[in-house]
Amino acid sequence: MHHYLRALLQAVFHEPDPNSRVLLRELNRKTKGNTGIIAMKEIVIISGKGGTGKTSIIAAFASLAKSKVLCDADVDAADLHLITKPEIKEKHDFESGHTAIINQDKCSECGLCRDLCRWNAISEDFVVNFIECEGCGVCYYFCPEKAIDFPLNTCGEWYLSETRFGPMAHARLHIAEENSGKLVALIRQEGKKLAEKRHINLLLTDGPPGIGCPVIASLGGATAVLIVAEPTVSGRHDMERVVELAAFFKIPAMVCVNKFDLNPDQGKAIEVFAREKNIGVIGRVPFDPAFTRAMVQGKTIVEFDSQSEGCKAVKGVWENLAQSLEI
Amino acid sequence: MIISIASGKGGTGKTTIATNLAVSLKSDVQLLDCDVEEPNSHLFIQPVIEKVKTITTPVPEVDMEKCSLCGKCGEICQFKAIAVIADTVLVFHELCHSCGGCMQVCPEKAITETGRELGVIEQGHRNGLEFVHGRLRVGEAMSPPLIKKVREYTRPGILTIIDAPPGTSCPVIACMTGADFVLLVTEPTPFGLHDLKLAVGAVKILGIPCGLVINRSDIGNDQVKIYAEQENIPVLMEIPFDRRIAEAYSRGKMIVEVMPEWKERFAKLYHQIKEIVFSNN
């Protein structure tokens, strides 16, 4: 029985151990699913390079997956809501980090804060530049006059919403704010809670571009990542780095090449690289202007034109993905 | 003069504009690729790399012989990167923001600094163009400190072109601060427009003049142009969707390499920017 216990624990902590998923399925079968345990799965869509089509593809998945919670973890430049048009049910402030503020009445201009600040965030006339301030609190801690305030920042908002595809968790980081990684972690957690509450066992998460803080925060505990690559030298370069990142955090990865026909040689090279790294290649999507036209109308490509080449290809990708993750 | 090239949305053509602009001008130019998470400019410029430098950020190291387990280091740290647990001090280097607070506060002077690798900076040349970029170490979360290090290569008196990452949060701000002009590259789609508005918001917070390049200008709709007009943001260049450009890009070729007549248009783009910057001063 301890195998099942481990499987249960791993399901609870969303550990991506394939063995635990097999055991859980077995457990659910033996108990005819009466355990009430839902093996929640989360697929995070990332790309490394921006603009490869993450959001258009996840929007199509939203149309294709039967039961799911949508999560937009690209909090810095969130776009999925432009297609899903969420009806916001809950709205919360996202508070994280602090900024120093010098109270000019108490300040004796001793200059200690300027000496200690490693961000050069304090001007000669003792005003803190809020953009440069890292929120480390060193000036606040050491100020001999206790002239520095250190209030908590409200740096964004997060929402729980209803859409025509099902529930959605999304967020908006205020412009020029920090702590995007923390907001990504929070919105994914809220997405999971929402799924648990509704007895939904699939979370589809739209991830951010890059390989830094917000991307790292979008990976932890994911069942798998789907990397949307584009067949260009940049797309290939960036995909290789994001593959390395997924391996670094031991998250299983799959890849699909979008706009494949733009440069089939680069597309194939991406697929060869993926196979060398034991990454599942789950489909090719052609360049299809229907994606842009669908976006302009605020629709998924499935809603816009289910007979388009792009739609047929994305359906194939979704079926392969669903099959390999047993969704 | 410093021109930062940003976009909000990814994949709109920042690198295309940065590289084509950099090679189209006769004046002294340096190109700093500050998209350190996914730098791409080098794939098009193909510079000869002359110097590679590993960049580190200071993180604490505790001498347990001297430590009295007072816990002040954990108290001052805002990032939960150091904590006294039972009879030891745990340091989480990956979480450290390098503020030096723990070292300052330690009454026993038990804390010194060692380095965490952020990535590398590579510097090179191609045909007289100076090229610098940062490459964030895979697994490293914090890109702004590396971006700031790349920006230290800025040489006053010549034109510095900065290729920024997508988004509008701290890494983008680190690429825009101190620039004389921000060139925003967008595409005329709902996603492009939505993220452009965020990028314009960031530029406004910083108080920097900006202008627009509309890439793939004949796809999507005309909402970007309507927005630009409302906000009084000049549209400095439009590049229609052209499969030749897309295919050249996919092979790592710049527009001006396959269509040399574009050189003049990029030179003109620079002159327009210069005029705006000088009229603002």
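These are my notebook entries on a predicted model, covering chain B, a set of strands in chain A, and the contact of the two chains.

**Entry: chain B overall**

I began with the secondary structure of chain B and found 11 helices and 11 strands. I then looked up the extent of the C-alpha trace of chain B, which is about 70 × 40 × 35 Å along its principal axes. For burial I noted that 50% of the 281 residues of chain B count as buried. I also checked the sequence separation of contacts in chain B. Taking those between residues at least 6 apart in sequence, I found that 74% join residues at least 24 apart.

**Entry: domains of chain B**

I looked up the domain division next. Chain B has a domain 1, made of 2-55 + 119-280, and a domain 2, made of 64-109. I noted 40 Å between the C-alpha centres of domain 1 and domain 2 of chain B.

**Entry: helix 1 of chain B**

I asked how many residues of helix 1 of chain B are buried. This helix covers residues 14-24 and is mostly covered, with 11 of its 11 residues buried. I listed some of the buried residues: K14(B), T16(B), N20(B) and S24(B) are among them, and so are I17(B), L21(B) and V23(B).

**Entry: strands 3, 6 and 7 of chain A**

I turned to chain A and followed strand 6, residues 152-163. Strand 6 of chain A runs antiparallel to strand 3 of chain A, residues 87-98, and 9 bridges join them. In this pairing I located F94(A) opposite G156(A) of strand 6.

I then looked at strand 7 of chain A, residues 166-173, which is joined to strand 6 of chain A by 8 bridges, again in an antiparallel arrangement. Strands 6 and 7 of chain A form a hairpin, and I found 2 residues between them. Within the hairpin I looked up W158(A), whose bridge partner in strand 7 is A171(A).

**Entry: contact of chains A and B**

I took the residue totals first: 51 residues from chain A and 52 residues from chain B. Which helices of chain A each supply at least two residues of the side that touches chain B? I found helix 6 (138-142), helix 7 (180-198), helix 8 (213-219), helix 9 (233-248) and helix 11 (290-296). Helix 9 of chain A gives the largest share of that side, 8 residues. Last, I sorted the residues on the side of chain A that touches chain B, and recorded 23 nonpolar, 18 polar and 10 charged.

Technical notes. Residues are numbered from 1 along each chain as its sequence is written. Chains are lettered from A and ligands numbered from 1 in the order in which they are written. This is a predicted model: local features need pLDDT of at least 70, side-chain atom pairs count only at pLDDT 80 or more; totals for chains, interfaces and linings use all residues. Helices (H or I, at least four residues) and strands (E, at least two) are DSSP runs, numbered from the N terminus. A residue is buried if 20 or more other C-beta atoms lie within 10 Å of its own, exposed if 12 or fewer, and partly exposed in between; C-beta atoms are placed from the backbone. Two residues are in contact if their C-beta atoms, placed from the backbone, lie within 7 Å. Two strands pair if DSSP finds at least two bridges between them. Domain bounds come from an automatic or database domain assignment. Ala, Val, Leu, Ile, Met, Phe, Trp, Tyr, Cys and Pro count as nonpolar, Asp, Glu, Lys and Arg as charged, and the others, Gly among them, as polar.
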